[in-house]
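The exercises below concern one protein chain and the ligand bound to it. Please look over the sequence and the structure before attempting them.

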Amino acid sequence: MALKQKGGEISAEAKKRRRVGFANIDTGVEASECIKVFLVKSGDEVGSTNSFCINPVDLNQFFGEDGKIYGYKGLRVNIWLSTVSFHAYSEITFESTSDGGKGITDLEPALQDIFGELLTEKEQFLQTFSTERNFIRNIVSDGAVVPCKTSKEDDHASNSNSEADGSMIEVIRMKQDSEPVCLLYSRLVPLVLLLVDGGSPIDVTDPRWEIFLVVKKVQDPLGDCITNVLGFATVYRFFHYPDSTRLRIGQILVLPPYQGQGHGRHLLESVYSVAVSENIYDVTAEEPSDYLQYLRACIDTKRLLCFQPIKPAINSVVSCLKEGNLSKRICRSSSCPPASVMEIARQKLKINKKQFLRCWEVLIYLNLNQENSKCTENFRAWVSDRVKSDIVDKDAVDSRKHLVEVPNDYDHDMTFVVCWSQNGGEPDGIDGNQGGSQSTQDEQLNELVKKRLEDIVKITNKVSAILRN
Ligand SMILES: CC(=O)SCCNC(=O)CCNC(=O)[C@H](O)C(C)(C)COP(=O)(O)OP(=O)(O)OC[C@H]1O[C@@H](n2cnc3c(N)ncnc32)[C@H](O)[C@@H]1OP(=O)(O)O
């Protein structure tokens, strides 16, 4: 870490101001405003602010309660992060420091919290580009390339791809049971902390973790094979009663320069491919971001569209929505997918039930005549019903049963408490009604329906575009 002070001696004027005390109260500067992180793949790029600058989710979280840095004038923290070895080097410059009532923030501990021992001095950092040149190649050579069928339309994200420049893109699966794999993951942790919202490191000592790496293999001018990590997903295997296993995606990350090029999809499809070939129970994701949900929905809807066993169920709902007067509840409830259909999609495609229900609405919309206002009106009413029943389980209220989801660290899809109230009202302390009038609740419900419809249309448009290409 290099520390440079610009502007030399603190002026006599500044010293005077400091003594006056209250004249200039230090309001601090947000960490995200003065820290920049650049991804670099060669020593030549170090020191330059023209390299690829990433956009961390929340740098402020590493700096006290208010995310601010105090006591500096003109502070700039530039960090270069190597995509060859994942070491980092930081350069800190400022014009002056002074305690304006909140002290002078020590930057070192916060940077250590992110980069740990990967933060090195400049000389050492520059050397890593040659000494660690084969770091990734050596580790992934012990992994297994995930085989996956490739179709013409999926060419740009198939599981072993020749690129126009002669490089190969592969997904490599590695069990978290060897020291080198743990070492590789520990070097990826700063990226998780910086780029995954709420991301925290997995427990590398737990052998049930696996890591899927999407890598690019390229020949350098000397004929050497260079391997770069483009992205990765950590996947946890856990027991599913009575005799199977589920796969849960803990973290998925594509390095920013390579995002939007099909690598995230490649990783997800590889996880599915393993789940199908090993007859895993299903695949889930831990607290997925909105974008990940959207991406999964696009991928799974496309897979389900080609899945013949669910066609009759889709057709039956679509014809009900076409003809129907949805004021009849019976017609609305028949719009739910039959349990047998969800089960077969889980068995064959490893799509879990919650995810299937999300795709179900898109599948129906994709098959509807969207130009026909009666159809779209019915569809709206149907979605609205489904949103309501997601929130208020009417049958449960009638029978005085209340299902209360209980968050836990393990699997929040799975845990809930069934509460019973004698008098037919909500049990004490777990009243789902957080207060507010009926009209406020209606408004909130309408907002949710609107949002759900927007999501459905967005995914439908994307899947339609994918199918057209
Ligand atoms: C559990 C968790 O980890 S939650 C946190 C998730 N991770 C993060 O937030 C970290 C930061 N984000 C990322 O790393 C990445 O954005 C990821 C991992 C979420 C997605 O990876 P990317 O490589 O960017 O996505 P990828 O390029 O594969 O897919 C995106 C596009 O492919 C489209 N797509 C989906 N299926 C297909 C298909 N079959 N054919 C063609 N395109 C498709 C998607 O619709 C999307 O396009 P759009 O955004 O233009 O609508």
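Five exercises follow, each with a worked solution. The model is a predicted one, in which local features need pLDDT of at least 70 and side-chain atom pairs count only at pLDDT 80 or more, while totals for chains, interfaces and linings use all residues. Residues are numbered from 1 along each chain as its sequence is written.

**Exercise 1. Describe the protein chain as a whole.**

Solution. Begin with the secondary structure: the protein chain has 15 helices and 18 strands. Helices (H or I, at least four residues) and strands (E, at least two) are DSSP runs, numbered from the N terminus.

Next, consider burial. A residue is buried if 20 or more other C-beta atoms lie within 10 Å of its own, exposed if 12 or fewer, and partly exposed in between, with C-beta atoms placed from the backbone. Of the 469 residues of the protein chain, 31% count as buried.

Finally, turn to contacts. Two residues are in contact if their C-beta atoms, placed from the backbone, lie within 7 Å. Among the contacts with a separation of 6 or more, 69% are between residues 24 or more positions apart.

**Exercise 2. State the domains, and describe the side of domain 1 that touches domain 2.**

Solution. The domain assignment gives domain 1 (2–129), domain 2 (134–287) and domain 3 (290–386); such bounds come from an automatic or database domain assignment. To the contact between domain 1 and domain 2, domain 1 brings 14 residues and domain 2 brings 12 residues. On the side of domain 1, the elements that give two or more residues are strand E3 (35–40), strand E4 (52–54) and helix H3 (107–115).

The last step is to sort the residues on this side by type. Ala, Val, Leu, Ile, Met, Phe, Trp, Tyr, Cys and Pro count as nonpolar, Asp, Glu, Lys and Arg as charged, and the others, Gly among them, as polar. The side of domain 1 that touches domain 2 then divides into 12 nonpolar, two polar and no charged residues.

**Exercise 3. Locate the ligand, and say which parts of the chain surround it.**

Solution. A residue is near a molecule if its C-beta atom, placed from the backbone, lies within 6 Å of it. There are 28 residues around the ligand, of which Val 254, Gln 259, Gly 264, Arg 265 and Cys 298 come nearest. Two or more residues of this shell come from each of strand E15 (244–254), helix H7 (263–277), helix H8 (290–305) and helix H15 (438–468). H8 gives the most, with six residues.

By type, the shell holds 14 nonpolar, eight polar and six charged residues. Since domain 2 (134–287) and domain 3 (290–386) both give residues to the shell, the ligand lies between them.

**Exercise 4. Follow strand E15 and its pairing partners.**

Solution. Consider burial first: nine of the 11 residues of E15 are buried. For the partners, two strands pair if DSSP finds at least two bridges between them.

One partner is strand E14 (residues 225–240), which runs antiparallel to E15 and is joined to it by 10 bridges. Within this pairing, Phe 232 has Leu 253 in E15 as its bridge partner. A hairpin of three residues leads from E14 to E15. Pro 242 lies in that loop between E14 and E15, and the peptide bond from Tyr 241 to Pro 242 is cis, with omega near 0 degrees.

Strand E16 (residues 283–285) pairs with E15 in the parallel sense over three bridges. Here the bridge partner of Ile 249 is Ala 285 in E16.

**Exercise 5. Which loop residues have a positive phi of about 65 degrees or near 70 degrees, and are they buried or exposed?**

Solution. Most residues other than glycine have a negative phi, and most peptide bonds are trans.

Phe 86 has phi near 70 degrees, a positive value in a residue other than glycine. Phe 86 is located in the loop between strand E7 (76–82) and strand E8 (88–94). With 22 C-beta neighbours inside 10 Å, Phe 86 counts as buried.

Lys 350 is not a glycine either, and its phi is positive, at about 65 degrees. Its place is the loop between helix H11 (339–349) and helix H12 (353–367). Lys 350 counts as buried because 25 C-beta neighbours lie inside 10 Å.
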